[in-house]
There are 2 protein chains.
Amino acid sequence: MRQSVLFTKTRREAPKDEVAKNAQLLIRAGYIHKEMAGAYSYLPLGLRVFKNIKNVIREEMNAIGGQEVELSSLQGPRLWKKSGRWDDEAVDVWFKTRLKDGGELGLGWTHEEPLTALMTEHMSSYKDLPRYVYQFQKKFRNEPRAKSGILRTREFVMKDLYSFNKSEKEFRQFYEQCAAAYLRIFERVGLGEHTFRTFASGGSFAKYSDEFQTLSAAGEDTIYLHRGKGIAVNKEVYTDEVLADLGLKKEELEEKKAIEVGNIFPLGTRFSDALDLTYTDEKGKKKPVVMGSYGIGPGRLMGTIVEVLADDKGIVWPKEVAPFPVHIISISGGNADVIAEANRLYDLLKETGIEALYDDRDLRAGEKFADADILGIPTRLVVSEKTMSEGGVEVSLRANGSATLVPESGIVDYLRK
Amino acid sequence: MRQSVLFTKTRREAPKDEVAKNAQLLIRAGYIHKEMAGAYSYLPLGLRVFKNIKNVIREEMNAIGGQEVELSSLQGPRLWKKSGRWDDEAVDVWFKTRLKDGGELGLGWTHEEPLTALMTEHMSSYKDLPRYVYQFQKKFRNEPRAKSGILRTREFVMKDLYSFNKSEKEFRQFYEQCAAAYLRIFERVGLGEHTFRTFASGGSFAKYSDEFQTLSAAGEDTIYLHRGKGIAVNKEVYTDEVLADLGLKKEELEEKKAIEVGNIFPLGTRFSDALDLTYTDEKGKKKPVVMGSYGIGPGRLMGTIVEVLADDKGIVWPKEVAPFPVHIISISGGNADVIAEANRLYDLLKETGIEALYDDRDLRAGEKFADADILGIPTRLVVSEKTMSEGGVEVSLRANGSATLVPESGIVDYLRK
């Protein structure tokens with residue numbers, strides 16, 4: 001894409017009311033727009049990052065047998081009264097609204113109830129199990145404070161997967177499969193080395209649930225990390241009893257701030273009991289379905305990548321989530337040969353299927369490089385009189401600044417490596 | 001995908017409270033689930049159709065220079081008060097809700113206001129124009145009645161594009177480009193011959209707006225169609241004066257029911273004036289930006305395809321929107337050779353990149369064919385003892401039932417034709 005037609009512009013200053021680093025940088029780079037505290041819009045480059053993250057998650061969920069759906073946001077009271085989660089006393093994040101005829105509605109903040117009820121229409125025998133169903137769906141949560149940029153918002157897309165199993169044993173097997181898929185996701189989006197599986201409270205149906213926590217000063221959570229074992233314990237269950245249970249010693253643990261980037265949770269038969277989701281086993285006996293839930297917010301993941309990987313010049317995107325893998329920058333000073341050479345390079349990459357953002361704007365080098373730094377595209381190709389006189393293109397990496405001169409004839413092979 | 005693991009099932013009866021043909025068929029086929037009147041969830045096969053339709057629209061919007069964004073659903077009153085569209089008196093489809101601290105919010109039912117305000121941050125000079133920005137965004141509309149299945153719902157994804165131009169002339173040029181793109185979209189999703197550009201009321205900024213109306217008894221609109229010219233007039237502007245203006249004669253027009261599948265609308269400077277979206281022209285003069293809006297609902301399009309193309313056996317999907325292009329059906333009666341042959345065929349197509357739904361279930365032929373009929377996948381491949389003894393695979397088309405025996409060695413080429 002030619003930057004001269006991209007409608008967003010970078011800006012020097014972040015909005016004054018924005019305190020979170022992730023939002024400050026993403027707004028300055030023109031990736032997002034703040035609609036109000038806790039509600040952001042995604043602009044072209046930001047939406048590309050967001051979609052790339054979704055695609056990584058989707059691939060990993062499909063690989064473990066996930067089937068994608070999309071449930072409605074509008075929710076009537078009926079199912080939620082059955083599970084005891086309709087009252088604002090029980091759940092304090094509901095946004096409620098009303099139909100023209102006065103009927104009360106809520107905006108879905110999670111989807112156990114509607115999906116469990118839906119599954120009763122498609123599930124009756126042991127032959128119909130197991131099933132794994134997920135969606136990328138917009139959740140609404142009436143958060144009292146929303147000051148963390150896109151890490152905690154009042155509306156956000158959540159990938160929520162729900163597992164439906166015949167037995168606790170079958171459920172546990174999938175639970176571990178999904179935990180492994182989550183680790184692959186964090187690895188692929190560039191957070192692998194900063195992210196740890198973390199024991200957290202299991203609620204009424206299990207001893208523990210598992211969170212995935214990324215170390216960051218911006219995190220709302222405190223965890224106790226065992227680096228050697230690569231696991232952590234959330235402060236909420238950091239007791240002598242739990243440590244003994246997990247075989248961890250206090251003196252081996254580091255206290256760290258972290259962002260919860262994923263959560264997997266045994267639900268037992270809490271919702272299948274409430275909403276009557278049963279199956280008939282091989283012997284003809286009716287049994288409740290065993291459930292689990294598995295969440296990742298692609299927006300929160302995007303914000304976390306910015307918090308953890310950005311440097312003092314701007315954002316640094318890992319390759320798999322970057323809006324474009326390559327940023328072509330022409331430094332022409334009006335020289336028609338340089339412009340022609342940069343155009344040729346852009347066309348060459350397009351033909352070979354390498355997507356590039358092409359800074360073809362009539363601006364000074366300093367401005368272009370400052371923009372490129374804040375945009376954070378991983379690989380930069382500079383075309384200038386100097387690189388042309390040296391017979392090539394300067395390839396540099398945003399992450400570490402290393403630069404190499406590559407002849408144009410070798411550029412495609414170089415980028416594909 | 002193997003049908004034996006697909007979680008949805010077909011059913012003989014539609015829900016009793018569902019009167020619309022599109023929803024009856026889509027629910028019976030397991031494509032959608034009714035959450036409440038006017039709110040539907042998309043199940044795996046339905047979501048695949050929905051995404052295919054979105055992709056067709058996205059390709060055509062990108063081809064005319066559209067840049068994709070996604071704005072927030074939550075909307076504060078500020079911008080909408082400026083345009084005079086916050087009050088429930090002025091706009092009767094708002095869903096309103098409240099923040100914890102009591103502040104009133106609305107759920108976006110369209111997005112002129114937030115996008116126009118956003119553009120003021122990225123647009124100041126004639127060099128920043130023209131720009132074309134679109135999204136696939138969930139709209140909420142508090143419809144008093146919602147009985148048309150997925151044709152008119154209380155929450156739905158809308159592709160809404162907004163154009164930002166320097167002048168009326170530049171705007172008109174794009175407007176016609178977009179009208180042409182819309183016709184390509186309706187052609188590609190299989191509604192081309194049933195869909196007509198229709199003159200409708202232009203509001204305060206133009207003589208006319210343009211609707212795209214698909215002939216269907218399920219339509220809410222009445223249009224007067226000139227088949228020869230391929231254009232129509234909406235009943236709301238069907239006056240002697242308008243007919244004279246358009247050079248149409250009453251006696252040449254047919255009165256028809258139709259579904260509005262798209263709408264393009266000149267906005268003039270209504271929103272740029274209200275929200276102060278201006279640019280400085282070549283002579284340094286400040287001018288308001290000229291705007292237009294362009295909507296298509298992919299869900300409504302999906303419902304319309306069902307209404308118009310379904311037959312008495314079920315849904316008939318055009319190739320470009322079908323959940324899968326190919327439906328493999330094994331009729332084995334337990335014969336291991338037939339099962340092995342069908343498996344081989346499924347693997348072969350997968351290797352060559354042809355996606356298939358594979359009915360590998362242990363059911364009788366009659367049930368499988370009835371399911372295939374209601375699911376409506378365009379091309380069916382049947383593997384049975386009979387087809388094997390004849391040395392091939394039976395290929396039939398859902399649309400007209402025509403069947404041919406194709407040798408397995410030639411099947412990939414046959415499907416690629």
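Two strands are taken as paired if DSSP finds at least two bridges between them. On this basis, in the predicted model, 5 strands of chain B form an open sheet in the order β18-β17-β19-β20-β21, with mixed pairing. The edges of this sheet are occupied by β18 (356–359) and β21 (403–406) of chain B, each of which pairs on one side only. On average, and with direction ignored, neighbouring strands of the sheet are turned by 25 degrees against each other.

The parallel part of the sheet includes the pair formed by β17 (residues 326–331) and β19 (residues 379–384) of chain B, which are joined over 6 bridges. Within β19(B), B:Val382 is the residue that stands opposite B:Ile329. Two helices accompany these strands. Helix α9 (residues 336–351) of chain B packs on the sheet and touches β17, β18, β19 and β20 (393–397) of chain B. The direction of α9(B) makes about 165 degrees with that of β17(B). Helix α10 (residues 365–375) of chain B lies across β17, β18 and β19 of chain B and runs at about 170 degrees to β17(B).

Beyond β19(B), the pairing is antiparallel: β19(B) is joined to β20(B) over 4 bridges, and β20(B) is joined to β21(B), also in the antiparallel sense, over 4 bridges. In the former pair, B:Leu381 has B:Val395 of β20(B) as its bridge partner. In the latter pair, B:Val393 is matched with B:Val406 of β21(B). The strands β20(B) and β21(B) form a hairpin, with 5 residues between them. In the turn of this hairpin, B:Gly401 has a positive phi of about 75 degrees.

A further open sheet in chain B consists of 3 strands in the order β4-β6-β5, with antiparallel pairing. Strands β4 (74–75) and β5 (96–98) of chain B stand at its edges, and each has a single partner strand, so one side of each is left without a neighbour in the sheet. The antiparallel pair of β4(B) and β6 (residues 104–107) of chain B is held by 2 bridges. B:Gln75 is placed opposite B:Gly106 of β6(B).

Helix packing was examined next. In chain B, helix α2 (residues 44–63) packs with helix α8 (residues 298–309) at an angle of about 115 degrees, and the two axes are 9 Å apart. Angles of 65 to 115 degrees count as roughly perpendicular, and α2(B) and α8(B) are therefore roughly perpendicular to each other. Their crossing is right-handed. On the side of α2(B), the contact involves B:Val49, B:Phe50, B:Ile53, B:Lys54 and B:Ile57, which meet B:Pro298, B:Gly299, B:Leu301 and B:Met302 in α8(B). By class, the residues of this contact divide into 7 nonpolar, 1 polar and 1 charged.

For chain A, α2(A) and helix α8 (residues 298–309) pack at about 115 degrees, with axes 9 Å apart. That angle makes α2(A) roughly perpendicular to α8(A). The crossing of α2(A) past α8(A) is right-handed. A:Val49, A:Phe50, A:Ile53, A:Lys54 and A:Ile57 of α2(A) make the contact with A:Pro298, A:Gly299, A:Leu301 and A:Met302 of α8(A). The classes in this contact are 7 nonpolar, 1 polar and 1 charged.

The contact between the chains takes 37 residues from chain A and 37 residues from chain B. On the side of chain A that touches chain B, the elements giving two or more residues are β1 (32–36), β2 (39–42), α2 (44–63), β3 (67–68), β5 (96–98), α4 (112–119) and β7 (131–140) of chain A. The largest share of this side, 4 residues, comes from β2(A). By class, the side of chain A comprises 17 nonpolar, 10 polar and 10 charged residues.

Superposition lays chain A on chain B with an RMSD of 0.0 Å, by a turn of 180 degrees and a shift of 0.0 Å along the axis. The two copies are thus related as by a two-fold rotation axis. The same surface serves both copies, as 100% of the contact residues of chain A recur in chain B. Among the residues of chain A, A:Thr97 comes closest to the rotation axis, with its C-alpha at 2.6 Å.

Methods:
Residues numbered from 1 in each chain as written. Chains lettered and ligands numbered in written order. Predicted model: local features only at pLDDT ≥ 70, side-chain atom pairs only at ≥ 80, totals over all residues. Axes fitted to C-alpha atoms, helices over the stretch in contact; angles between N-to-C directions. Parallel < 35°, antiparallel > 145°, perpendicular 65-115°, else oblique. Left-handed = near helix turned anticlockwise from the far one by under 90°. Contact = placed C-beta atoms within 7 Å. Nonpolar A, V, L, I, M, F, W, Y, C, P; charged D, E, K, R; others polar. Least-squares fit on C-alpha atoms with pLDDT ≥ 70 in both.
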